[in-house]
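Trainee: Could you take me through one part of this model up close? I'd like a helix and what it packs on, then the ring pairs and a pocket.

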Amino acid sequence: MNNDSTGTRPRDESPSASPSFFADNPSMFQLLFERSVDAIFLFDPQAGVFVDCNPAAVEIMGASSKEQLMGTTPAQLSPPIQIDGTSSQDKTVAIVALVEQKGGHRFEWMVRRFDGRDVPMEVAATPICVDGRTLFVVVPRDISERKQAEAALRESERKFRGLFEASSDAIQIIDPETLTQVDCNEAALRMAGGGDREWFLSQSLKELAPEQQPDGSSSIEAAKVLIARAIAEGPQCFEWTAKRYHGELFPLDILLTPMRLGGRLLLVAVSRDISERKKAERELLELNQSLEQRVAERTAALTTSEARFRALVEHAPEAIVVFDGDTHRFLFGNEHACALYGVPMEKLTELTPVDVSPEFQSNGRRSSELAKEKMEEALAGNTPVFEWIHQQPDGRLVPTQVRLLRLPSQSRNLIRASIIDNTENQRAQRALRESEEKFRALYEGSSQGVVLHDEIQILEVNPAAVRIMGCQNAQELIGKHPSNNSPALQPNGESSEAVARK
């Protein structure tokens, strides 16, 4: 800390009471001086020594009596060197000059109590005239707790900055009012594919995205809606198309979380490049479309004979059923379908899609009405693809994805249904959503479990890590070696202790 003045207000020398009041109460000033809870010293700038003090000053210095303080210089009541590296003696001279020049000065000072303990003080010095000579009223206040809090805050900021920069996910801090970026980490710069930090932070959200998103909406308007939703409802997870330094467009998964920093509302955007995932999804879609096309071509080549239909469905990789579009009764089904419905093959032909479904679907519509609607859509020549809840005889609900296709036939309205069990996929999606909801910005704000440790012990964990580890509080983890929270052996047979050392 330095001794720069924080500003001095002009002194109001007009009396706050009539002169006769103070003249008639000569002990008033002495009473205020003696009983003040703040330490007060009277300092003679000419002699450079303290000439008086109150009991609070004796207490704050750890002295046994006022006499121990009288006649001492500020340097004698201080360590040789102040925090800024200036000697206490030289700094005293400089401060005396500032008080005389400005008519008052506020500064920080390190004192040394009589018990040998150094204590940081915030000091206000004001000149007064007493019996024709100038004295300084010096009022020090112990700021040890404030200094400790500042040190802890600096250490916390250093720690969070380290986590911020070390994150493999791109992190941007955004001002929601101006749609500009306040800060970003190295991962965000790498993801931009060029340009330095100064360039990146100079780009608004509008400049880092195409004019329109894939759904046709304006990028800037969509961004405003998402920001407003995050502020009103909390963290928002969504897909976004962004633009790199050289103009290349690429897809992102973004978790947008509001946070307050120093009373200021900001947003933390944690982004992941999902280009590879999107590529895989496109390839999978093309593969599925190719498979559907081949199945359709194969189906068109088959006659309506039961044997050929059965051969088709029995060898399909997914659950497939063929049913009459008029009666809705199943005609054929493969083993996958029987397993999905939980019924034997011989009973399948006695059932309809409504018989293997709950009364209502997840969208609140009756299964019977919705099934009829989808069948009519398929008979009209379309290929409806939709989510459907099936129900097994024991009541277990099975989420699936169904694709309907009309089969060529001269005498009957036949519909083929390809059914994929979505149980695992939905479970994975739920797990992903829960993980993303837990992920918050910057350590305490992050929902990801973050454990900070060295090679010996866990140093710190955030609340999410405490919950993930099934502990009641962070103290159950702090100070322990990471291997203490692991089984004896890892899946590859190697001991957890050995892996942890690596």
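Mentor: Let's start with the helix, then move on to the rings and the pocket.

Before that, this is a predicted model, with local features needing pLDDT of at least 70 and side-chain atom pairs counting only at pLDDT 80 or more, while totals for chains, interfaces and linings use all residues. Residues are numbered from 1 along each chain as its sequence is written, and side-chain values use heavy atoms, leaving out hydrogens and water.

Helix α13 covers residues 367–379; helices here are DSSP runs of H or I with at least four residues, strands are E runs of at least two, and both are numbered from the N terminus. Its 13 residues should span 18 Å at 1.5 Å a residue, and the end C-alpha atoms are indeed 18 Å apart (the expected span is 1.5 Å times one less than the number of residues). Ser367, Leu370, Ala371, Lys374, Met375, Ala378 and Leu379 are its buried residues, where buried means under 20% relative accessible area, exposed over 50% and partly exposed in between, with a 1.4 Å probe and protein chains only. That spacing is worth a thought: an α-helix has 3.6 residues a turn, so residues three or four places apart point the same way. The buried residues of α13 pack against β11 (319–324), β13 (385–391), β14 (397–407) and β15 (414–421), contact being heavy atoms within 4.5 Å. After α13 comes Gly381, with a positive phi near 105°.

On to the rings. The count comes to 10 aromatic pairs, taking rings of Phe, Tyr and Trp (its six-membered ring) with centres within 6.5 Å, and calling planes under 30 degrees apart stacked, over 60 edge-to-face and the rest tilted. Trp199 and Tyr245 are edge-to-face, because their planes sit at 80°, with ring centres 4.7 Å apart. This pair links distant parts of the chain, 46 residues apart: Trp199 is in helix α7 (residues 197–202), and Tyr245 is in the loop between β8 (236–243) and β9 (249–261). Trp199 is partly exposed at 22% relative accessible area, and Tyr245 is partly exposed at 38%. Phe386 and Trp388 also pair edge-to-face, with centres 5.9 Å apart and planes at 75°. Phe386 is buried at 11%, and Trp388 is buried at 4%. There's also one aromatic cluster made of Phe41, Phe43, Phe50 and Phe136.
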